[in-house]
Amino acid sequence: MSITAEPETGSLSAERRLPPPAVLIATLSMVGVVVSLMQTLVIPIVPLLPGLLGTSATNASWVITATLLAGAVMMPISGRLGDMFGKRRILLLSLLLLVAGSLVCALSSSLAPEIVGRALQGAASGAIPLGISIMRDELPPQRVGSAIAVMSATLGVGGAVGLPLAAVIAQNADWHVLFWTSAGLGALCAVLVFLLVPESAVRTPAPFDFLGALGLTVTLVALLVAITKGTDWGWSSGSTLGLLALALVAGLVFGWYELRRTAPLVDLRVSARPRVLLTNLASIAVGFALYGMSLTFPQLLMAPEATGYGFGLSMVAAGLALAPGGLMMLLLSPVSARISAARSPKLTLGLGATVVGLGYLSAAVWMGAVWQIVLAASIVAGGVGLAYAAMPALIMGAVPISETGAANGLNALMRAIGTSTSAAVMSVVLAHLTTELGGHQLPSRDGFLLTFYISVAAAAVAVLITACIPMKRAADAATPS
């Protein structure tokens with residue numbers, strides 16, 4: 001079966017005006033930063049949420065989980081909708097969902113509306129793979145590599161910038177200001193996209209796969225709820241095991257159904273190509289290693305000095321100490337593009353994973369001063385920047401242009417699964433390897449060291465998987481299975 005990209009027809013298509021490449025790149029990159037910022041928006045107020053919302057700590061944790069689940073579900077769905085109905089149109093819809101979710105959170109002080117609002121914010125996560133696909137469709141070939149590298153880096157930049165920004169707001173203003181700020185940023189991005197981003201002429205006309213979307217949703221929600229709540233519920237509890245069993249069964253049914261569709265939500269035959277499959281598996285490992293930095297380094301910096309290994313920093317100070325990591329990602333993304341163009345994105349991905357591993361090794365060896373942790377975090381962030389920038393290039397070199405949105409969405413989903421799994425594993429380690437101080441249980445030095453070594457192992461797995469990625473058939477994109 002041949003797959004063709006059908007351009008829009010009519011006078012509007014003929015009059016399409018493309019903005020300067022730099023304007024398009026800057027606009028979409030800003031969207032990426034704002035969307036990824038939602039992941040760390042409420043971290044500074046997590047300890048306060050039970051009191052603010054009048055609920056238990058377990059219930060309040062759904063404010064975090066809802067964003068994760070909605071983002072994971074919507075990334076591949078948004079990409080597919082973009083391929084079918086227009087990437088700019090779905091990008092605008094994603095940003096409107098972010099604004100709506102922010103307003104819901106800003107106007108409420110109870111649990112249910114906050115969960116709904118945070119889920120709407122998470123649903124905007126598909127904006128980043130959509131932005132990558134728009135860049136491929138609209139930019140001159142010589143600008144595509146560096147532009148996609150920058151857009152990919154926004155996944156980490158937004159989180160790195162968001163932590164200190166959110167902490168400053170939370171410490172100096174009412175907590176609702178966090179959501180008024182995100183609503184304003186989302187609205188600004190929507191206006192800029194409406195004015196400056198053209199609608200892609202590349203479309204894949206087909207009916208939307210509603211049953212496939214339902215199957216994917218059930219699979220992901222069951223899997224990610226089990227992963228994120230397994231620590232609280234117990235990994236051998238009936239709830240956790242039941243959800244994992246549901247995820248397995250739903251995933252098998254989803255795969256069986258998708259393979260029989262002429263226009264599936266996720267083209268599993270394309271996704272099973274070795275280059276695509278192995279890149280996605282490497283993405284899980286790199287995402288796992290990335291979250292080790294996001295979870296453990298702030299806790300280490302904020303641990304009391306009386307422990308003998310902590311530094312007693314405030315949340316704001318810890319966020320500012322780790323902010324250079326976001327800058328490192330942004331600075332190295334063009335370097336990643338140049339390496340990929342000169343050699344191959346496979347080399348760049350392997351190099352990035354190697355740098356991530358070296359960063360964690362340095363943290364394990366030198367953790368006696370704040371500057372050493374900052375340096376280690378910057379090395380890890382630099383490696384993630386190299387790796388994240390290479391992944392879309394590998395994916396888009398192996399899929400038809402008509403499926404770039406769905407393929408990039410699936411790749412972003414793999415990274416999200418990696419970070420979710422990392423959060424569960426790291427939380428278990430830090431919760432079980434503790435030390436007592438003033439009647440409180442705190443993660444011990446050995447706990448932090450073990451998380452660093454686990455992250456080194458994840459980076460090593462990413463390197464090994466990357467080494468197996470075949471690069472002989474770059475023409476796969478033109479020859480659908």
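A nonpolar core is a set of buried Ala, Val, Leu, Ile, Met, Phe, Trp, Tyr and Cys residues joined through side-chain atoms within 4.5 Å. Keep that handy for the exercises below, which use a predicted model.

**Exercise 1.** Find the residues with the most contacts inside the largest nonpolar core.

*Solution.* Start with the core itself, which has 66 residues. Its best-connected members are Leu-28, Val-31, Ile-77, Leu-91, Met-135 and Phe-179. Now zoom in on Met-135: skipping neighbours within four places in sequence, its contacts are Ile-25, Leu-28, Ser-29, Val-144, Ala-147, Ile-148 and Met-151. There's also a second, separate core of 51 residues, with Ala-303 and Ile-465 among them.

**Exercise 2.** Work out how helix H2 runs relative to H8.

*Solution.* Take the geometry to begin with: H2 (residues 21-37) packs on H8 at about 170 degrees, the axes being 9 Å apart. Angles over 145 degrees count as roughly antiparallel, so H2 is roughly antiparallel to H8. The crossing is left-handed. Next, look at who touches whom: Leu-28 and Val-31 are among the H2 residues that meet H8, whose side includes Met-135 and Glu-138. Sorted by class, this contact holds 9 nonpolar, 4 polar and 1 charged residues.

**Exercise 3.** Do the same for H8 and helix H9.

*Solution.* The axes of H8 (residues 127-138) and H9 (residues 141-172) come within 9 Å and cross at roughly 175 degrees. That makes this pair roughly antiparallel. On the H8 side, the contact includes Ile-132, Met-135 and Arg-136; on the H9 side, it includes Val-144, Met-151 and Leu-155. The tally comes to 9 nonpolar, 3 polar and 1 charged.

Conventions. Residues are numbered from 1 along each chain as its sequence is written. This is a predicted model: local features need pLDDT of at least 70, side-chain atom pairs count only at pLDDT 80 or more; totals for chains, interfaces and linings use all residues. Side-chain values use heavy atoms; hydrogens and water are left out. Axes are lines fitted to C-alpha atoms, for helices over the stretch in contact, and angles run from 0 to 180 degrees between N-to-C directions. Helices (H or I, at least four residues) and strands (E, at least two) are DSSP runs, numbered from the N terminus. Angles under 35 degrees count as roughly parallel, over 145 as roughly antiparallel, 65 to 115 as roughly perpendicular and the rest as oblique. Contact means heavy atoms within 4.5 Å. Ala, Val, Leu, Ile, Met, Phe, Trp, Tyr, Cys and Pro count as nonpolar, Asp, Glu, Lys and Arg as charged, and the others, Gly among them, as polar. A crossing is left-handed if the near helix is turned anticlockwise from the far one by less than a right angle, and right-handed if clockwise. Buried means under 20% relative accessible area, exposed over 50%, partly exposed in between (1.4 Å probe, protein chains only).
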